[in-house]
Every structure is written in C-alpha cells, then in structure tokens.
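Thanks for making time this morning. I would like to walk you through how some helices pack in this structure, so please have the sequence and the model open as I go.

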Amino acid sequence: MSDLLERLRERGWRLTSQRRVVAEVLDGEHVHLTADEVHARAAERLPEISRATVYNTLGELVTLGEVIEVSTDGRAKRYDPNAHHPHQHLVCTGCGAIRDVHPVGNPLADLPTEQRFGFALSGAEVTYRGLCPACAG
C-alpha cells in the first residue's frame, strides 16, 4: 500500500473507489501532476471518474494537509503527495518539470533576525529554478 493511502487510512478518511484511485495516481517520490493529469491517469483505471470528483478530492487532500498544492510561474497548479517529508522544489523554467530536493541547512534559521520584521516564522518555501538537462541540451 502506498504511503499516501496508508496515511489516509490512519486518519479514517473514507476511501471510496474514486478517492482511492486519485491517491494511487498521486503516489510516488517525485510526482507533481496537474489536476488534468491526475484525471487522465485516474480515468485509465476507473473510466467513470469525473473531473469534478478529481478536483474535489485534490481539494480535500490539500485541506487535510496530505498533499501540497505547488504553483510555479503562472503554470497549472501541481499536486505533491510528499507533504510529510520536508523538501524544496527544483523547477525547469523551460518545460516546467519539478523535482523534490533536500538542500542542507534550515531556511528558517538562515533568515537574519533583522529581516523577520517581528514575524514568528512557521515555515519557508524555497524554489530553485533553472533548465533541466533536456531543455539545456
């Protein structure tokens, strides 16, 4: 069973066939699919699944904190199931490919006190940008 499915079962989330197929499609270390890509892959497994069901399920997963919604440079939102594994993103400015990366250091600790403007920091999102090998070549 996938990590995402296991977490959802532990939470007592009702796993209908539609919800299960969406969670299965999202499972993986470097999965960052758009809602339309999730729907297309889910429909291969469960042809009767609707776009609305996929969008609603993704919204529920984001609200539960089980999936992260990733927005990059005006492109379609992507959905990242690695919500419980701290990481940052590496984004290709050419094709939009996204990879999870695990830089050394703590971005919260790296922000100097005088640049916090009194904020009580709770998180940081760092996005690295560049060209992937296919786009650079």
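**Helix packing**

In this model, which I should say at once is a predicted one, Leu4, Leu5, Leu8 and Arg9 of helix H1 make contact with Arg20, Ala23, Glu24 and Leu26 of helix H2. If we sort the residues of that contact by character, we find 5 nonpolar and 3 charged, with no polar ones.

As for the geometry, two packed helices are in general described by the angle between their axes and the distance between the axes. Here the axes of H1, residues 3-11, and H2, residues 17-26, come within 8 Å of each other and cross at roughly 140°. Since angles over 145 degrees would count as roughly antiparallel, this crossing makes H1 oblique to H2.

Let me turn now to helix H3, where the buried residues are Ala35, Val38, His39 and Ala42. These four lie on the same side of H3, because they cover an arc of only 100° around its axis. As background, an α-helix has 3.6 residues a turn, so residues three or four places apart point the same way. And what do the buried residues of H3 pack against? Their partners are H2, strand S1 (33-34), helix H4 (51-64) and strand S3 (78-80).

Finally, one more residue of H3, which spans residues 35-45, is alanine 40. Alanine 40 has a relative accessible area of 42%, so it is classed as partly exposed. From alanine 40 to alanine 97 the separation is 57 residues in sequence, and 18 Å in space from C-alpha to C-alpha.

Methods:
Residues are numbered from 1 along each chain as its sequence is written. This is a predicted model: local features need pLDDT of at least 70, side-chain atom pairs count only at pLDDT 80 or more; totals for chains, interfaces and linings use all residues. Side-chain values use heavy atoms; hydrogens and water are left out. Axes are lines fitted to C-alpha atoms, for helices over the stretch in contact, and angles run from 0 to 180 degrees between N-to-C directions. Helices (H or I, at least four residues) and strands (E, at least two) are DSSP runs, numbered from the N terminus. Angles under 35 degrees count as roughly parallel, over 145 as roughly antiparallel, 65 to 115 as roughly perpendicular and the rest as oblique. Contact means heavy atoms within 4.5 Å. Ala, Val, Leu, Ile, Met, Phe, Trp, Tyr, Cys and Pro count as nonpolar, Asp, Glu, Lys and Arg as charged, and the others, Gly among them, as polar. Buried means under 20% relative accessible area, exposed over 50%, partly exposed in between (1.4 Å probe, protein chains only). The arc is that of the directions from the helix axis to the C-beta atoms.
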